[in-house]
Amino acid sequence: MSVTHLNCLNGAWVPSAGGETYEQRNPADLAQVTARFQKSTLADTRAAVAAAKQAFPAWARLSVYERAEHLNRALQLMKERVEAIAAVITAENGKTLKEARGEVVSAIKEMEFQINEGVRLGGEMLPTAQAGVLAYQIRRPIGPVAVIAPWNFPFNVPARKITPALMAGNTCVLKPAQLTSGAGVEFVRLYVDAGLPPGVLNLVTGSGKLIGDELVTHPDIHAITFTGSTEVGMAIHEKAAPGLKRTQLEMGGKNPLVVLADADLEAAAASAALAAFACAGQWCISTSRAIVHRSVLAPFLELLKGHVAKIVVGAGTEAATTMGPVCGEAQLKGVLKGIEKAKAEGAKLLCGGQQLMDGGKGAGCFVAPTVFTDVTPEMSIAQEEIFGPVLAVMAFDDFEEAITIANGVRYGLGASIYTRDLARAMEFVNRIEAGLAHVNMHTAYKEPQFSFGGVKLSGHGIPEAGKTGIEFFTEHKTIFIQPVA
Ligand code: NAP
Ligand code: MG
C-alpha cells in the first residue's frame, strides 16, 4: 500500500475538497506506485491562494532576521533529511541516489546563499536636488507568489525559488509537477515541521492545466515563477499579461559544446558524456549538441564512445548504476520519437538509439545513452529539445561556422567551448547567445552565488539564483522626506 499525501493549506495537511487522488509510478518499474497525491480542484487552489493572501501582511512585517530564523530552522531539517529526501526523488524521478543526494545538497547551498542575500537586501540612498530632503529607495515584497515546478529538479527548483521569495517577505503557493509531487511534499514538510507561520507556504498538487492555470490567472497572485517547457512558459506569460503580473520563466535548452581543433579532446569528451547523460539527459542545461572541428572529429568520437561505454544504466537505487531511467512513460515515448525522427532525417547512430529491455528494464523507462553523428544544423535533432539521453554531434570547418551553428537555435541557456586559444574562447563567450557560457568546463556548471537563467526562448524575466535571485520577488519604493520644524 502506498502512502497518500495531502495538500498543505494554511499550515494544515488536508485532503482535496473533491476527494480524488492520483498515483505516481516509479519510472524504474512502472508496476510500482510510489505514492498517491491530492487531485486538487479549483476550490483547493483558491483556498491556498486565500491562505497566502491572509498570511502576507504579518509575514511581510516581520524583520528580515525573524524571517531568516524561520528559514534557517527549515534548512537545518533539510540537512538532517538528505537521505530520506533523496530516496523520494529517486523513486519518483528515476535519477540515481547519488544524483538525488547531489540535488538536495545543491538545494542546501542555494538556500544558505539566498537566506544570507535576503538579510543583506539593502536599498540606496542618494543626494537630492532639495537641500534638507532625505531621499532613499527600498525593496518591498510583491504579495502572494505562485511557484510552478518541474519534475527534473523537483526539490532544488522549489528551494531556489521559494527561499528568496519568502526572504523578501512574500508568501507562496507551490504546485509541484504531477510526476514528482513527493519532492514538493517533502520540501513543504520541512517548513511546517520548522514551525513556519500558517499560510506563508502552501502546497497544492495536481494538474498544471487546471490548478496551474488557476494560480496564473488568480487576481490575488502577484507573480509567477515557473520552470518547465518553453511551450507552457509562453502560455503562462500570455495569461499573466492581462493582470500585469510579473513572470519568471526558466525553460528549455539545446545546449552546445563546441570543440576546437586545439582542444584537450579527452577533457571535452568526458564533459560531453557527463553533461549529456547525467540524470538521463534531463538537466535543462544538459549538453545536447557537440559541435566539433572536422579535423578532430574521429578521435573525439572514439574518446566519447569510450566514456559512453562505461555508463551503467539501471534503477537509481542500485549502487552500480550511473544512469537511471527517463522520468515516466510520456517522457520515454517522447525521447524514442525524437530518436526515430533523427534516424529518418539521416543522422547516423554512433551508439544507443533504443529502449533497453534486458534484465527487467522493460518494466521501466530505460533508454540507452544515444549519440548521433552526421547531424546537420537544420535537422530536428539539432533544433528541438529532446530532454533525454541523446547527444547530436555536428562537424564544422571554421570558427565562424561553429558560432553560427551554436547560435542557430531558438534556445539560449548554457554553452561551452573547449580550446587552449584564449582569444577564441573570449570571442565565444562574448558572441554566444546564452545565459551561461563556459570555457573548458561542461555546459551545466553553475554556482549559487551567480545568476541562473537563459536568453531567447530559454528564459524570461529576472534570472534566478545569485544576487538577482531575490530581485524578481521585490518591488521598488522611493521615499522623499522633508523634515518640518
Ligand atoms: P512542463 O510540462 O512545462 O511542466 C512544468 C510545470 O508546469 C509542471 O508543474 C506542470 O504541471 C505545469 N503546467 C503544465 N501545464 C500548465 C499550464 N497550462 N499552466 C500552468 N502550469 C502548467 O515541463 P516539464 O515537461 O515538466 O519539464 C521539462 C521542461 O522543463 C524541459 O523543457 C526543460 O528544459 C525545462 N526545464 C528548464 C529549467 C531551467 O531552469 N531553464 C530547469 C528544469 C527544466 P503538470 O505536472 O500537471 O504537467
Ligand atoms: Mg509537460
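Let's start inside helix H6, residues 181-193: Phe 187 and Tyr 191 sit 4 residues apart there, so about one helical turn separates them. Keep in mind as you look around that this is a predicted model. Both of these residues, Phe 187 and Tyr 191, are buried. Their rings also pair up, with 5.1 Å from centre to centre and 45° between the planes, which makes the pair tilted. Now bring Phe 155 into view: together with Phe 187 and Tyr 191, it makes up one aromatic cluster.

How many aromatic pairs does the structure hold? There are 5. Another one of them joins Tyr 22 and Phe 37, whose ring centres are 5.7 Å apart. The planes of Tyr 22 and Phe 37 meet at 35°, and because an angle under 30 degrees would count as stacked and one over 60 as edge-to-face, this pair is put down as tilted. Tyr 22 belongs to strand S4 (residues 21-26) and Phe 37 to strand S5 (residues 29-38), so the pair ties together parts that lie 15 residues apart in sequence. As for exposure, Tyr 22 and Phe 37 are each buried.

Next, go over to ligand 1. Where does it lie relative to the domains? Domain 1 (3-251 + 458-480) and domain 2 (255-439) both contribute residues to its shell, so ligand 1 lies between the two. Count the residues around ligand 1 and you get 28, with Trp 151, Gln 178, Gly 208, Ser 229 and Glu 385 being the closest. Sorted by class, that shell comes out as 13 nonpolar, 10 polar and 5 charged residues.

Which elements supply at least two residues each to the shell? They are helix H7 (208-217), strand S11 (223-227) and helix H8 (230-240). H7 gives the most, with 4 residues.

Now zoom in on some polar atoms facing the oxygens of ligand 1. Gly 208 has a backbone N or O atom 2.7 Å from a ligand oxygen. Gly 228 also uses its backbone, with a polar atom there 3.1 Å from an oxygen of ligand 1. Lys 175 brings in its side chain instead: one of its polar atoms lies 3.1 Å from an oxygen atom of the ligand. Step back for the overall cover: of the 910 Å² of accessible area that ligand 1 has on its own, the protein covers 87%.

Key. Residues numbered from 1 in each chain as written. Chains lettered and ligands numbered in written order. Predicted model: local features only at pLDDT ≥ 70, side-chain atom pairs only at ≥ 80, totals over all residues. Heavy atoms only, no water. Near = heavy atom within 4 Å. Polar contact = N/O pair within 3.5 Å; in protein donor to acceptor, adjacent residues only side chain to side chain. Areas by Shrake-Rupley, 256 points an atom, 1.4 Å probe, with all protein chains shown as cover. Nonpolar A, V, L, I, M, F, W, Y, C, P; charged D, E, K, R; others polar. Domains from an automatic or database assignment. Phe/Tyr/Trp six-rings, centres within 6.5 Å; stacked < 30°, edge-to-face > 60°. Buried < 20%, exposed > 50% of the residue type's maximum accessible area, 1.4 Å probe, protein only.
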